[in-house]
Amino acid sequence: MAFNHVPGLSVAVVENGEYEWAQGFGFADLENNAPASEHTLFRLASMSKPLTATAALQLWERSKLDLDAPVQKYCPSFPQKPWPISTRQVLGHLGGIRHYKPNPQDDLEGGNTKHFDDPIQAGLNFFKDDPLVAQPGTSFHYSTQGYTLVGCVLEGASGMKYVDFMRQNVFIPARMEQTQADDRFAIVPYRTRFYASNESGAVHNADFLDSSYKIPGGGWLSSAEDMAKFEVAILNDKLIRRATRDLMWTALKPTDGPPDTYGLGWGWGKQNDHEVAGVGHTGSQQGTSTAFVIAPELRAGVVVLINVEGQSAGDLAREILNIISAPADKKP
């Protein structure tokens with residue numbers, strides 16, 4: 001933390017399918033000397049995507065969502081494109097939906113400051129009329145905007161507002177009592193301040209962001225403790241069946257390329273042959289760097305949440321996972 005000028009972070013560990021330990025380090029608020037804890041709420045950023053994907057697979061299990069039907073079946077406000085687009089493709093970033101605009105001066109989205117009370121429809125308006133960047137199914141194009149489209153699909157398939165469906169079907173069953181949308185105007189107990197650092201390492205407040213337009217793909221707040229509970233619920237089949245989980249974690253294959261390492265909202269991978277293979281997600285956003293990883297065969301998991309942008313939360317999460325998964329005589 002000292003070397004990387006990290007104000008605060010929280011870590012949680014799951015072992016044997018159970019919530020084992022969590023702790024905060026450093027400060028959630030430097031100006032008020034408020035310490036970080038396992039209850040501190042961080043922006044999840046793109047760690048929001050596996051939460052949304054899990055909800056989509058719940059609806060698929062209940063026969064309320066056809067993953068391969070055109071998205072307009074459930075989200076008629078999304079215009080027709082030259083090719084049909086399925087929810088499965090969008091979940092796996094094969095839908096051809098653009099990410100943020102490549103030109104920073106044109107990209108009002110990444111630093112959005114306007115709050116939206118109808119987050120799904122407002123978020124769709126950012127990109128729904130733009131051309132696709134590729135024919136759906138042909139190539140991987142990561143897209144946070146695409147997950148707003150998934151949120152619209154969830155609303156159409158469930159008959160509920162996206163945020164309400166998530167709360168009732170994911171957060172409450174997983175006992176994630178603190179997880180909520182990042183409302184910049186609400187008083188949110190335990191929410192961290194958001195930081196950035198310059199080239200010399202001096203820490204300052206991060207740029208303002210109102211993420212209400214992209215909650216499904218990057219707008220949730222959560223704690224290390226709550227995300228560990230999510231890992232426990234996934235490992236113990238509390239949210240979706242084991243076969244459904246396997247489907248969600250199966251990497252998709254673009255038609256114009258090799259098999260990807262990304263399934264439906266989750267990524268697989270390991271850095272080298274000595275590491276434990278894990279599934280999970282990372283996140284990066286104004287004032288946050290996050291990661292969580294699950295080793296299914298070991299029934300273990302790690303959560304790392306950092307309140308400054310530009311940090312390698314994924315590297316730390318994998319390092320901790322390697323430690324807890326090592327044989328007892330090999331642990332440091």
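## Met1 and a nonpolar surface patch

Met1 sits in the segment that precedes strand S1 (8-15). In this predicted model, Met1 has a relative accessibility of 38% and therefore counts as partly exposed, since buried means under 20% and exposed means over 50%. Together with Trp21 and Phe25, Met1 makes a nonpolar surface patch of about 260 Å².

## Strand S2 and Phe27

Phe27 belongs to strand S2. The relative accessible area of Phe27 is 32%, so this residue is partly exposed. Leaving aside residues up to four places away in sequence, Phe27 touches Pro7, Gly8, Asn33, Ala34, Pro35, Ala36 and Asn307.

Phe27 and Gln145 are 118 residues apart along the chain, and their C-alpha atoms are separated by 32 Å.

## Helix H5 and its surroundings

Helix H5 covers residues 162-171, and 7 of its 10 residues are buried, so the helix is largely enclosed by the rest of the structure. The buried residues of H5 are Tyr162, Val163, Phe165, Met166, Asn169, Val170 and Phe171. They lie on the same side of H5, because the arc they cover around the axis is only 155 degrees. The general geometry fits this reading: an α-helix has 3.6 residues a turn, so residues three or four places apart point the same way.

Which elements do the buried residues of H5 pack against? The helices are H1 (48-61), H3 (119-124), H4 (144-158), H6 (215-218) and H7 (224-235), and strand S8 (220-222) is also in contact with these buried residues.

## Aromatic pairs

The structure contains 11 aromatic pairs. One of them joins Phe230 and Trp266: the ring centres are 6.0 Å apart and the planes are at 20 degrees, so the pair is stacked. This pair links distant parts of the chain, with Phe230 in helix H7 and Trp266, 36 residues away, in the loop between helix H8 (242-249) and strand S9 (267-269).

Are Phe230 and Trp266 buried or exposed? Both are buried. Phe230 and Trp266 also belong to a cluster, in which ring pairs link them with Trp249, Trp268 and Phe292.

## Thr54 beside the stacked pair

Thr54 is located in helix H1. With a relative accessible area of 0%, Thr54 is buried, because the cut-off for a buried residue is under 20%. Thr54 touches both members of the stacked pair, Phe230 and Trp266. The other contacts of Thr54 are Ile234, Leu239, Ile240 and Met248, not counting residues up to four places away in sequence.

## Two loop residues with positive phi

Most residues other than glycine have a negative phi. Where do the residues with a positive phi described here lie? Asn16, which is not a glycine, has a positive phi of about 55 degrees and lies in the loop between S1 and strand S2 (18-29). Asn16 is exposed, because its relative accessible area is 61%.

Tyr190 is also not a glycine and has a positive phi of about 75 degrees. Tyr190 is in the loop between strand S5 (180-181) and strand S6 (195-197). The relative accessible area of Tyr190 is 54%, so Tyr190 is exposed.

Conventions
Residues numbered from 1 in each chain as written. Predicted model: local features only at pLDDT ≥ 70, side-chain atom pairs only at ≥ 80, totals over all residues. Heavy atoms only, no water. Patch = residues over 30% accessible without salt bridge, like charges linked within 9 Å, V, L, I, M, F, W, Y side chains within 5 Å. Areas by Shrake-Rupley, 256 points an atom, 1.4 Å probe, with all protein chains shown as cover. Salt bridge = Lys/Arg side-chain N within 4 Å of Asp/Glu carboxyl O. Helix = DSSP H or I, 4+ residues; strand = E, 2+ residues; numbered from the N terminus. Buried < 20%, exposed > 50% of the residue type's maximum accessible area, 1.4 Å probe, protein only. Arc of directions from axis to C-beta. Contact = heavy atoms within 4.5 Å. Phe/Tyr/Trp six-rings, centres within 6.5 Å; stacked < 30°, edge-to-face > 60°.
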